[in-house]
Amino acid sequence: FAPWDDPDQKPLIRFRNVTKKFGEFVAIDNLTLDIYEREFFALLGPSGCGKTTMMRMLAGFETPTSGQIELNGQNIAPVPPNKRAVNMMFQSYALFPHLTVWDNIAFGLKREGMEAGKLKARVEEMLRLTRLERFAKRKPHQISGGQRQRVALARSLAKAPTLLLLDEPLGALDAKLRQDTQFELMDIQEKTGTTFVIVTHDQEEAMTVASRVAVMDEGRIMQVATPDRIYEMPNSVYVADFIGDVNIIEGRATPLEEGQVRIDWAEAQPPLFATTSARFDAGQTCYLAIRPEKILITADQPQSNDNALRGKVVDIAYLGNLSTYHVALADGTIIKAQTANTRRIARRTFTWEDEVWLSWTATAGVLLDR
Ligand code: ATP
């Protein structure tokens, strides 16, 4: 499933040079983006980056100041919110407290004047989809937060929208329930074939549920890609830093042969090396982004030609399946290295004040120019 790689595929949603201003403030800055049918698309970014504004423009609560949004090739600007095949599920769920679960789900269908038999069948289908059959007669205050979330989802999907917008849908749930619900959401999305666009500031959530993730900053999209690509091949220091844990090493580049770049950095003797397809000029400032789990931590100096740094363990976070070591280099720079605490591999574990070596291969990191 990779419609974005298929030039014959037409996007379901297309933002064309969309700018949204509130007074003089530019909330969305000349943004272009395609989203395809059946995608579970995540908008990810810090507070205030414009995620909700994107959703509100899709739903029809805001109109772009300039540029155009298309749904199935049609400009949606003249289409009022209630006439769009788009539904929005809010973080607060906005359920009617005096109506039962059944009536909450049926509400929109009734208002639309759906015939009784068809309506009953549709509500029952939604109850099955969200595993709420047993709670149909209860009112919102008689069910749990997770169940309320599912009612809101069932209600949003009842009218079979082409596009469902989810604004921080799991924000109110605790961590464990949140994880379970992420898998449920993915399952429901797949079963209904509805295109989902989710807004979240939780990068793990975006990585879990999404077919593709757009990382936003100040009204712009920094990178759009599949979760693994965003993680493994971030296009900027911003994206590398926003997604997961990363070490950023700043140095001076010297391009060598075959995509090899030497990185001169005072703390690295001998210098570091990275393999990259990007071009760097001699003397250019470069940033090596290296994930903690790509760094091997050993007591002895590595025998290979890998990049190697020497330091001292100053902090250890034991996370059960993983341990993260903070290793201080001579100048005080902290490098994070992570080991998997698997049973098969009996690794030597390290403790505070241990002198260690950190090493990684030239292909393990991503070399960026900013
Ligand atoms: P959060 O994660 O905090 O919800 P967000 O990424 O969803 O943030 P938006 O709600 O899209 O951010 O807001 C983007 C920017 O636009 C913010 O700086 C916000 O203050 C501003 N903004 C949003 N709506 C309006 C408005 N109606 N009038 C003026 N400024 C607005």
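Arg 131 sits in the loop between helix 3 and helix 4, where helices (H or I, at least four residues) and strands (E, at least two) are DSSP runs numbered from the N terminus. Phi of Arg 131 is near 55°, a positive value in a residue other than glycine. Most residues other than glycine have a negative phi, and most peptide bonds are trans. As for its surroundings, Arg 131 is partly exposed, with 13 other C-beta atoms within 10 Å. The burial scale works like this: a residue is buried if 20 or more other C-beta atoms lie within 10 Å of its own, exposed if 12 or fewer, and partly exposed in between, with C-beta atoms placed from the backbone.

Before going further, a word on what you're looking at. This is a predicted model, in which local features need pLDDT of at least 70 and side-chain atom pairs count only at pLDDT 80 or more, while totals for chains, interfaces and linings use all residues. Residues are numbered from 1 along each chain as its sequence is written. The chain averages a pLDDT of 92, and 98% of the residues score at least 70; pLDDT is the predictor's confidence in each residue, from 0 to 100. The model scores ipTM 0.94 and pTM 0.91.

Now zoom out to the whole chain. Its secondary structure comes to eight helices and 20 strands, and the C-alpha trace spans about 75 × 45 × 40 Å along its principal axes. Of the 370 residues in the chain, 35% are buried. Among contacts with a separation of 6 or more, 65% are between residues 24 or more positions apart; two residues are in contact if their C-beta atoms, placed from the backbone, lie within 7 Å.

The domain assignment splits the chain into domain 1 (3–240) and domain 2 (245–368), with bounds that come from an automatic or database domain assignment. The C-alpha centres of domain 1 and domain 2 lie 39 Å apart. Where they meet, five residues of domain 1 are in contact with six residues of domain 2. On the domain 1 side, the touching residues divide into four nonpolar, one polar and no charged. For those classes, Ala, Val, Leu, Ile, Met, Phe, Trp, Tyr, Cys and Pro count as nonpolar, Asp, Glu, Lys and Arg as charged, and the others, Gly among them, as polar.

Next, the ligand. Which residues are around the ligand? They are Phe 22, Phe 25, Ala 27, Gly 45, Ser 47, Gly 48, Cys 49, Gly 50, Lys 51, Thr 52, Thr 53 and His 201, where a residue is near a molecule or strand if its C-beta atom, placed from the backbone, lies within 6 Å of it. Strand 2 (25–35) and helix 1 (51–59) are the elements that give two or more residues to this shell, and helix 1 gives the most, with three. By class, the shell has four nonpolar, seven polar and one charged residues.

Strand 2 leads us on to an open sheet of four strands, with the order 2-1-4-5 and antiparallel pairing; strands pair if DSSP finds at least two bridges between them. The edge strands are strand 2 and strand 5 (74–75), each pairing on one side only. Further in, strand 1 (residues 13–22) and strand 4 (residues 66–71) run antiparallel and are joined by five bridges. Arg 14 has Glu 70 in strand 4 as its bridge partner.

Back on the helical side, helix 2 (residues 101–111) has Val 101, Trp 102, Asn 104, Ile 105 and Ala 106 buried. Helix 3 (116–129) and helix 4 (145–158) are included in what covers those residues. Just after helix 2, Gly 113 takes a positive phi of about 80°.

Further along, strand 9 (residues 212–217) and strand 10 (residues 220–225) pair in the antiparallel sense over five bridges. Ala 214 stands opposite Val 224 in strand 10. Their hairpin has two residues between the strands, and there Glu 218 takes a positive phi near 45°.

Two more backbone details turn up later in the chain. Glu 258, in the loop between strand 11 (247–255) and strand 12, has a positive phi near 55°. Is Glu 258 buried or exposed? Glu 258 is exposed, with 5 other C-beta atoms within 10 Å. Then there's Pro 270, in the loop between strand 12 (260–264) and strand 13 (272–275): the peptide bond from Gln 269 to Pro 270 is cis, with omega near -5°.
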